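Biologist: Before we discuss any names for what we see, could you put the model on the screen, so that I can ask how each term is justified?

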Amino acid sequence: MKLRERLSGIWLMAMTLLSLFAYTIYFVAQMWLNILHTAYLTLAVLQCVTLIIYLWGPEKLTAKPLKVLYRVLYASSVCVIPTFLFIFMGLVSQYHIVITDSIDASAMPIEEILTADKTVVYDTGTVYVIFPEYARIDLTCEKRPSKSDSDITWCSGAAFQHDISLGFTHENIDGDHAVLGTFYESPYNKDSFAAFTFAEGRFSFAFDHPSEAIREAADKGGSGFMQFGLIRDGETVMNISRPRARCYRTLAELNGNLCVIDSIHMLHFEEFMEELHRLGVTNALYMDMGAGWNYSWYRDALGRVVSLFGLPVPWSHNWIVFRK
């Protein structure tokens, strides 16, 4: 066997193993985006088929169309390395950074975990409780908020989007929503959705009639969006299971103040809920933290931007933004 053929065999074996490994990571981590899931699975299958043909002997292919097909399959192997890197970055992005300037609240009385004049972060040992400084809270759509906007103290993904799309339409956002006084009706409302609104300087959670609450906020010039209701009046209302460990986030009311609560490390959903109840969270919405969708950052008390999950994706199109 010629050296070139040996190197081709080594390349195909390596790319096949790498594609299977990448797909396994994607599957186990449940980074579910249907389009990508199909693409990654297809790429792994193509590499397996190419390797089988190589081991069988491509020289045995006599028909010209089959020879061309083999070359195309062989060429597809160049996509394996960038695919692996993309999946690896997506996996890494699911791990929360360590917030070094957080306040140790592991032994602090819960009633002392309160907001301050500037953005403040508490570390309970299980979750970060983040109180962004704000005078206004907006829902921003289509154009990602800029970190150079010094008025922004918190930015993260807000509502679900129904389909993976590079283009933006308000109809693709799950749940009715309002942007600075404009109401947008969605064809994808769910019974388990609750609403978060901010209007006339006040935040609110609405569980019974979320659409009406958002319309009312819009009438007052405010903003709002829908997400799964998580906790209502201290009781769990979310009945959707989360079968694996991951980082979780909620937009919540704690001690009468609005905050964002992130799990410090990957943990099971039940553990996250236990900590929320231990803290005495009054009301809360579930905030999706899937790979890419967990893009988030805040501005600390010194005005520095702290990126919690810094990998944006081009098909994410709406964010909740706290402003001074």
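Biologist: Which residue follows H6, and what is the sign of its phi?

Modeller: This is a predicted model, and in it the residue that follows H6 is Gly280, with a positive phi near 85°.

Biologist: Which residues of helix H6 are called buried, and what makes them a single side of the helix?

Modeller: In H6, which covers residues 269-279, the buried residues are Phe269, Phe272, Met273, Glu275, Leu276 and Leu279. They lie on the same side of H6 because the arc they cover around the axis is only 160°. The general background is that an α-helix has 3.6 residues a turn, so residues three or four places apart point the same way.

Biologist: What covers those buried residues?

Modeller: The elements that cover the buried residues of H6 include the strands E3 (127-131), E10, E11 (235-236), E12 (249-254), E13 (257-263) and E14 (283-287).

Biologist: Why is the contact between Asp262 and Arg249 called a salt bridge?

Modeller: A salt bridge requires a side-chain nitrogen of Lys or Arg within 4 Å of a carboxyl oxygen of Asp or Glu. For the side chains of Asp262 and Arg249 the N to O distance is 2.7 Å, and they therefore meet in a salt bridge. The pair joins strand E13, which holds Asp262, to strand E12, which holds Arg249, and the two residues are 13 apart in the chain.

Biologist: How do you know whether Asp262 and Arg249 are buried or exposed?

Modeller: Buried means under 20% relative accessible area. Asp262 has 0% and is therefore buried, and Arg249, with 2%, is buried as well.

Biologist: What makes Glu216 and Lys220 a salt bridge, and why are both called partly exposed?

Modeller: Their closest N and O atoms are 3.2 Å apart, which is within 4 Å, and therefore the pair counts as a salt bridge. Partly exposed is the class between buried, under 20%, and exposed, over 50%. Glu216 has a relative accessible area of 44% and therefore falls in that class, as does Lys220 with 41%.

Biologist: How many salt bridges does the structure hold, and which residues are linked in a network?

Modeller: There are 9 salt bridges in the structure, and a network of them links Arg136, Asp138, Asp149 and Arg323. Within that group, Asp138 and Arg323 form a salt bridge whose closest N and O atoms are 3.3 Å apart. This pair links distant parts of the chain, with Asp138 in strand E4 and Arg323 in strand E17 (residues 318-323), 185 residues apart. Both residues, Asp138 and Arg323, are buried.

Biologist: Which residues line the second largest cavity, and why is its space called a cavity?

Modeller: Asp138 appears here again, since the lining is made of Ile137, Asp138, Leu139, Phe196, Thr197, Phe198, Ser223, Gly224, Phe225 and Ile320. Strands E4 (136-141), E8 (193-199) and E10 (223-232) each give two or more residues to this lining. The space is called a cavity because a 1.4 Å probe fits there but cannot get out, and its volume is about 40 Å³. By class, the lining divides into 6 nonpolar, 3 polar and 1 charged residues.

Biologist: How many cavities does the search find, and what is the volume of the largest?

Modeller: The search of the whole structure finds 2 cavities of 30 Å³ or more, and the largest has a volume of about 50 Å³. Its lining has 7 nonpolar and 2 polar residues, with no charged residues.

Notes. Residues are numbered from 1 along each chain as its sequence is written. This is a predicted model: local features need pLDDT of at least 70, side-chain atom pairs count only at pLDDT 80 or more; totals for chains, interfaces and linings use all residues. Side-chain values use heavy atoms; hydrogens and water are left out. On a 1 Å grid over the protein atoms alone, a cavity is a set of points where a 1.4 Å probe fits but cannot get out, and a pocket is an open set with protein on both sides within 12 Å along at least five of seven lines; lining residues have an atom within 4 Å of a point. Grid points are joined across faces, edges and corners, and a volume is the space filled by probe spheres set on the points. Ala, Val, Leu, Ile, Met, Phe, Trp, Tyr, Cys and Pro count as nonpolar, Asp, Glu, Lys and Arg as charged, and the others, Gly among them, as polar. Helices (H or I, at least four residues) and strands (E, at least two) are DSSP runs, numbered from the N terminus. Buried means under 20% relative accessible area, exposed over 50%, partly exposed in between (1.4 Å probe, protein chains only). The arc is that of the directions from the helix axis to the C-beta atoms. Contact means heavy atoms within 4.5 Å.
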